[in-house]
Amino acid sequence: MRIVWCLFAACALSACGLQPIYAGANGSSATAKLSAVEVAPIQGRTGWLLATALEDRVDLRASDTAPRYRLDVQIDESLESLGLLTDETVSRERRILRARYQLVDLSSGAILLDATAGSDAGIDVVSSDYATIAAERAAAERLSQVVADQIVTRVSLALRNRD
């Protein structure tokens, strides 16, 4: 009886429909499709960090083919004060990064994907201004990486479902 149950479970698992994003389906993988995406310039230092992170995710710059898609990204970032001490100095901040992005088909101009991604990070404000600025910059770098991961995952799924 246990053998029958194990065989049934194995068959059910294999039919669940989950597929890896980067597996080649019909000879085309998400990596090959992502190499046809051009990342439009993004304004600001954090925009540059995000654009670089996007290009590094699947090495979008390595492709020799002409881009078929363009990824337009607009970012909104803010820095909020959270913790106040009794002398009204800030002890904690939250850096927020939100990105609205569109995947545009260059041949037709159609928008294939219009979505948002975002994340936030907490920063301790210490007595050293240098340490606080370094922590804010490190938070911006981490947030760029997290948001880039979210964007690449959604774009990969959109391109995989397209064909």
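Is aspartate 120 buried, partly exposed or exposed? I looked this up before anything else: aspartate 120 comes out as partly exposed, because its relative accessible area is 37%, which sits between the 20% and 50% cut-offs. Note to self: this is a predicted model.

**Entry 1: the chain as a whole**

I stepped back to get the layout. I find 4 helices and 4 strands in the chain. Reading from the N terminus, the elements go α-α-β-α-β-β-β-α. The chain has 163 residues, and 32% of them are buried. I also looked at contacts between residues at least 6 apart in sequence: 63% of these join residues at least 24 apart.

**Entry 2: the sheet**

Next I traced the strands. They make an open sheet of 4 strands, ordered E1-E2-E3-E4, and the pairing is mixed. At the edges I have strand E1 (37-39) and strand E4 (111-124), each with a pairing partner on one side only. On average, neighbouring strands are turned by 25° against each other, ignoring direction.

I then zoomed in on E2 and E3 (residues 90-105), which pair antiparallel over 15 bridges. One spot I wrote down is leucine 71, which faces leucine 103 in E3.

**Entry 3: helices on the sheet**

Which strands does helix H3 touch? I get E1, E2 and E3 for H3 (residues 44-57), with the helix direction at about 130° to that of E2. Helix H4 (residues 129-162) lies across E1, E2, E3 and E4, and I read an angle of about 155° between H4 and E4.

**Entry 4: the nonpolar core**

I pulled up the largest nonpolar core, which has 29 residues; Leu54, Leu71, Tyr101, Ile151 and Val155 touch the most other members. Elements giving two or more residues to this core are E1, H3, E2, E3, E4 and H4. H4 supplies the largest share, with 8 residues.

I checked isoleucine 151 separately. Setting aside residues up to four places away in sequence, isoleucine 151 touches Leu54, Leu71, Ala99, Tyr101 and Ala117.

**Entry 5: isoleucine 75**

I picked isoleucine 75, in strand E2 (residues 69-84). Its relative accessibility is 25%, so I log isoleucine 75 as partly exposed. Beyond its neighbours within four places in sequence, its contacts are Ile42, Gln43, Thr46, Gly47, Leu50, Leu97, Arg98 and Ala99. For glycine 47, I took the C-alpha distance to isoleucine 75: 6.9 Å, for two residues 28 apart along the chain.

**Entry 6: a buried glutamate**

Glutamate 93, in strand E3, caught my eye. Glutamate 93 is buried but has no salt bridge. Where is the nearest side chain of opposite charge to glutamate 93? I find it on arginine 95, 7.1 Å away, whereas a salt bridge needs the nitrogen within 4 Å of the oxygen.

Glutamate 93 has contacts outside its neighbours within four places in sequence, including Leu79, Glu80, Ala121, Ile123, Thr132 and Glu136. I followed one of these, threonine 132, into helix H4. Threonine 132 is at 9% relative accessibility, so I count it as buried. Apart from residues up to four places away in sequence, threonine 132 touches Glu93, Val125 and Val126.

**Entry 7: salt bridges**

My count of salt bridges comes to 8. I went through three of them.

- Glutamate 80 and arginine 94 meet through their side chains at 2.8 Å, N to O. Glutamate 80 is in strand E2 and arginine 94 in strand E3, 14 residues apart, so I filed the pair as linking distant parts of the chain. Glutamate 80 is partly exposed, at 31% relative accessibility, and arginine 94 is partly exposed too, at 28%.
- Arginine 92 bridges to aspartate 124, with the closest N and O atoms 2.7 Å apart. Arginine 92 is in strand E3 and aspartate 124 in strand E4, 32 residues apart. Arginine 92 is partly exposed, with a relative accessible area of 32%.
- Aspartate 120 bridges to arginine 94, with the closest N and O atoms 3.6 Å apart. Aspartate 120 lies in strand E4 and arginine 94 in strand E3, so this pair ties together parts 26 residues apart in sequence.

Which residues do salt bridges with shared partners join into one network? I end up with Glu80, Arg94 and Asp120. That brings me back to aspartate 120, the partly exposed residue from the top of the page.

Notes: Residues are numbered from 1 along each chain as its sequence is written. This is a predicted model: local features need pLDDT of at least 70, side-chain atom pairs count only at pLDDT 80 or more; totals for chains, interfaces and linings use all residues. Side-chain values use heavy atoms; hydrogens and water are left out. Buried means under 20% relative accessible area, exposed over 50%, partly exposed in between (1.4 Å probe, protein chains only). Contact means heavy atoms within 4.5 Å. Two strands pair if DSSP finds at least two bridges between them. Axes are lines fitted to C-alpha atoms, for helices over the stretch in contact, and angles run from 0 to 180 degrees between N-to-C directions. Lys and Arg count as positive and Asp and Glu as negative; His and the chain ends are not counted. A nonpolar core is a set of buried Ala, Val, Leu, Ile, Met, Phe, Trp, Tyr and Cys residues joined through side-chain atoms within 4.5 Å.
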